[in-house]
Amino acid sequence: MSVIKMSDLDLAGKRVLIREDLNVPVKDGKVTSDARIRASLPTIKMAADAGAKVMLMSHLGRPTEGEYAEEFSLAPVAADLSAKLGKEVRLVKDYLDGGFDVADGEVVLLENVRFNVGEKKNDEELSKKYAALCDVYVMDAFGTAHRAQASTHGAGAFADTACAGPLLAAELDALGKALNNPARPMVAIVGGSKVSTKLTVLESLSEKVDQLVVGGGIANTFIEAAGYNVGKSLSETDLVPTCNKLNEIMNARGAAIPLASDVVCGKEFSESAAAETKNVSEVADDDMIFDIGPDSAAELAEIIKNAGTVVWNGPVGVFEFDQFGEGTKAISMAIAESSAFSIAGGGDTLAAIDKYNIADKVSYISTGGGAFLEFLEGKELPAVTMLEAAAAKK
């Protein structure tokens, strides 16, 4: 991937517009989870320390386009950034036509881009207004790289110089290493509620990986495809033929989709539901499968232990409830102890990494959910395509 990197540019005295992903949860005017803000700090500091006039832009939530709503204001993010940087980060509300000054080394935050009409549709006029604000446009928000919007694509297309920020560049390097030239055996863990939502990912990975571990509701559909009763579990019966086809693709390459030999069931989806471990052949009509059992977890841990590359997207059980979290915990610990190059992404995956405190044991944690999935699917990411085109013009 040939893109210009921000780290290679002289930013002194330049107006630098950085698109970050600062879409964080906010409650009562305070940021409640700052992971994305922390991830963006090295880029922001690098630009400010280089003497750039730094303007940050991001979306927050899903406001009605063209309407200001205080609940979606980036003011709490500006306050959080100010505390972390140890200097005031002004929130600039009216910026589309310029008219505001930024000092060398100063950092300001532009109000929620989704308040601007045309943002989601990648409107050309809006994109040109963004581009006019800067000498250098920096795309650093991998989490939104799969969307062709004015702040993630159009602004860079019309900017004098468009480059990848350190966070985005590191993300692309890590994903490229994991998928394009992986150390073998390559293991992918794909969890989630439905096969249908991850079907293209599963199809793409079935052509590449040595072991495709499925979890959650996805695993239930594979269990059903193997002829077992899944009771009242979340499963997609209409996709049983698809699961059989994926098994055939893998088997033809000498690869495999391991099937759980034991499962943990409950009678209801609740925090107080009693957990019962059963052989996969013993699931009753009123059971709901919520996790893999200890034998299956041990088998998967062994697969991970012997892997050269591990790609993880999604838990293998309802880990939010501790009694149904042992499978995901076992996988987390196996990844933490493995010498494999590991890359993890997706909101639930990050929550599991936090819960089991293994962040420093994962080789690379992706900041993007949808973008991470689309990269796994082999799709082109519009923001990356734009950066490649910008580099080709230079």
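User: What makes Asp-28 count as exposed or buried here?

Analyst: Keep in mind that this is a predicted model. Asp-28 has a relative accessible area of 74%, and exposed means over 50%, so Asp-28 is exposed.

User: Where is Asp-28 in the chain?

Analyst: Asp-28 sits in the loop between strand 2 (26-27) and strand 3 (30-31). Its phi is positive, about 50 degrees, although Asp-28 is not a glycine.

User: And Asn-357: why is this residue called exposed?

Analyst: Same kind of reasoning. The relative accessible area of Asn-357 is 62%, and the cut-off for exposed is over 50%, so Asn-357 is exposed. Asn-357 is in the loop between helix 11 (347-355) and strand 16 (364-365). Asn-357 also has a positive phi, about 55 degrees, without being a glycine.

User: What kind of peptide bond joins Arg-184 and Pro-185?

Analyst: A cis one, with omega at about -5 degrees. Pro-185 belongs to the loop between helix 5 (166-179) and strand 9 (186-190).

User: How do you know that Cys-163 has no disulfide with Cys-134?

Analyst: Check the sulfurs. The closest cysteine sulfur to that of Cys-163 is in Cys-134, 9.5 Å away. A disulfide needs the two sulfur atoms within 2.5 Å, so this pair is too far apart for a bond. Cys-265 is in no disulfide either: the nearest cysteine sulfur, in Cys-243, is 18 Å away. The count for the structure is 0 disulfides.

User: Why are Cys-163 and Cys-265 called buried?

Analyst: Buried means under 20% relative accessible area. Cys-163 comes out at 0%, so Cys-163 counts as buried. Cys-265 comes out at 1%, so Cys-265 is buried as well.

User: What makes Lys-53 and Asp-104 a salt bridge?

Analyst: A little background helps: side chains of opposite charge can pair when their charged atoms come close. The closest N and O atoms of Lys-53 and Asp-104 are 2.6 Å apart. The cut-off is within 4 Å, so the pair qualifies as a salt bridge. The structure holds 17 salt bridges.

User: Which parts of the chain does the pair of Lys-53 and Asp-104 tie together?

Analyst: Lys-53 is in strand 4 (residues 53-57), while Asp-104 is in the loop between strand 5 (90-92) and strand 6 (107-110), so the pair ties together parts 51 residues apart in sequence. As for accessibility, Lys-53 is at 21% and is partly exposed. That label fits because buried means under 20% and exposed means over 50%.

User: How do you know that Lys-267 and Asp-287 meet in a salt bridge?

Analyst: Their N to O distance is 2.8 Å, and the rule asks for within 4 Å, so they pass. Lys-267 lies in the loop between strand 11 (262-266) and strand 12 (276-279), and Asp-287 in the loop between strand 12 and strand 13 (288-292), so parts 20 residues apart in sequence are tied together.

User: Are Lys-267 and Asp-287 buried, or partly exposed?

Analyst: Lys-267 has 42% relative accessibility and counts as partly exposed. Asp-287 has 1%, so Asp-287 counts as buried.

User: What about Asp-322 and Lys-355: how far apart are the N and O?

Analyst: The distance is 2.6 Å, and the two side chains meet in a salt bridge. This pair links distant parts of the chain, 33 residues apart: Asp-322 is in the loop between strand 14 (309-313) and helix 10 (326-337), and Lys-355 is in helix 11. Asp-322 is exposed at 54%, whereas Lys-355 is partly exposed at 35%.

User: Which residues do salt bridges that share partners join into one network?

Analyst: Asp-34, Arg-38, Asp-80 and Lys-84.

User: Why are helix 3 and helix 4 called roughly perpendicular?

Analyst: Helix 3 (residues 124-132) and helix 4 (residues 150-158) pack at about 70 degrees, with axes 8 Å apart. Roughly perpendicular covers 65 to 115 degrees, so the label fits helix 3 and helix 4. The crossing is right-handed. Among the residues that meet are Leu-126 and Tyr-130 in helix 3 and Gly-154 and Phe-158 in helix 4.

User: What makes helix 7 and helix 8 roughly perpendicular?

Analyst: The axes of helix 7 (residues 216-225) and helix 8 (residues 240-252) cross at roughly 85 degrees and come within 9 Å. That angle falls in the 65 to 115 range, so helix 7 and helix 8 are roughly perpendicular. The contact includes Phe-222 of helix 7 and Cys-243 of helix 8.

Terms used: Residues numbered from 1 in each chain as written. Predicted model: local features only at pLDDT ≥ 70, side-chain atom pairs only at ≥ 80, totals over all residues. Heavy atoms only, no water. Buried < 20%, exposed > 50% of the residue type's maximum accessible area, 1.4 Å probe, protein only. Helix = DSSP H or I, 4+ residues; strand = E, 2+ residues; numbered from the N terminus. Axes fitted to C-alpha atoms, helices over the stretch in contact; angles between N-to-C directions. Parallel < 35°, antiparallel > 145°, perpendicular 65-115°, else oblique. Left-handed = near helix turned anticlockwise from the far one by under 90°. Contact = heavy atoms within 4.5 Å.
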